[in-house]
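Look at the structure below with its cysteines and helices in mind. Start with the cysteines, then move on to one helix and the whole fold.

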Amino acid sequence: MSDFDGTAHSARISGDALPRCVQEVADHVTPDGWGQPPRMFALVPTAAIAAAEPHLLDQLEAGSELTPIEQHPLPDDLHGGSAALEEYLGTTSWSSGVAGCLVVQEILVLPPTAEDELDRAVSAALSGDNAADDVVRAAAGAHPDRRAARLIVAVLRDGRSECALALAPEDDEDPFAEPELRTGDNLAPGLVHALHATFEDTDDGW
């Protein structure tokens, strides 16, 4: 597929394609339960896959403009919500046939009242040898009002992005219930920026 130009194609992708990919990936990872490591997907135009690999036609979702393709597992030391994940993305680049990418990771969500407690924990840690990122994750993990959540962030080459958050069920909720995706424009600005940066240098081909 070296003759396919994903950059040109991304301008023709409709506004519904990226939210559809987010929902498709959410449906894909949900059956695996909670406690998953971060996962990355390339978003490839479905028409390009069908043209290059016609034997895969029966595996492609009907009507989809983009098909998420899961990449190799990320390094074991990358944890959801860590700065190390964004740093790792700085070493990632895509071929020209990829129109976008998506990362799904698990994070901890805290109430606004926890911000001061985290600030104090980081300030205390910076006087020692601990990395601030490790301290924040440890403090968040120990907070009594923490809530596990799954964050999905997707971007296209042309600058569009889509973020969604799914909260893990609480003790009084059905553990097998389908988690509701909550979308937002400013859920993960740092990760959105890091994903866009993976398209700054593009190779030929896939």
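How many disulfides does the count come to? The count comes to 0 disulfides in this predicted model. A disulfide is a covalent bond between the sulfur atoms of two cysteines. To be counted here, a pair of cysteine sulfur atoms must lie within 2.5 Å.

Two cysteines can be compared with the cut-off for burial, which is under 20% relative accessible area.

| Residue | Relative accessible area | Class |
|---|---|---|
| Cys-21 | 1% | buried |
| Cys-163 | 4% | buried |

Cys-21 counts as buried because its relative accessible area, 1%, is under 20%. The value for Cys-163 is 4%, so Cys-163 is buried too.

Now take helix H2. Cys-21 is one of its buried residues. The others are Ala-17, Leu-18, Val-22, Val-25, Ala-26 and Val-29. What do the buried residues of H2 pack against? They pack against strands S1 (39–45), S2 (66–70), S4 (100–109), S5 (147–156), S6 (161–167) and S7 (181–183).

The length of helix H2 can be checked as well. Helix H2 covers residues 17–29, which is 13 residues. At 1.5 Å a residue, helix H2 should span 18 Å, because the expected span uses one less than the number of residues. The end C-alpha atoms of H2 are 19 Å apart, which agrees.

Step back to the whole protein. It has 7 helices and 8 strands. Of its 206 residues, 39% are buried. Among contacts with a separation of 6 or more, 74% join residues 24 or more positions apart. The protein exposes about 11400 Å². Carbon and sulfur atoms supply 49% of that area.

Note on methods:
Residues are numbered from 1 along each chain as its sequence is written. This is a predicted model: local features need pLDDT of at least 70, side-chain atom pairs count only at pLDDT 80 or more; totals for chains, interfaces and linings use all residues. Side-chain values use heavy atoms; hydrogens and water are left out. Helices (H or I, at least four residues) and strands (E, at least two) are DSSP runs, numbered from the N terminus. Buried means under 20% relative accessible area, exposed over 50%, partly exposed in between (1.4 Å probe, protein chains only). Contact means heavy atoms within 4.5 Å. Accessible areas come from the Shrake-Rupley method with a 1.4 Å probe; for residues, only the protein chains shown count as cover.
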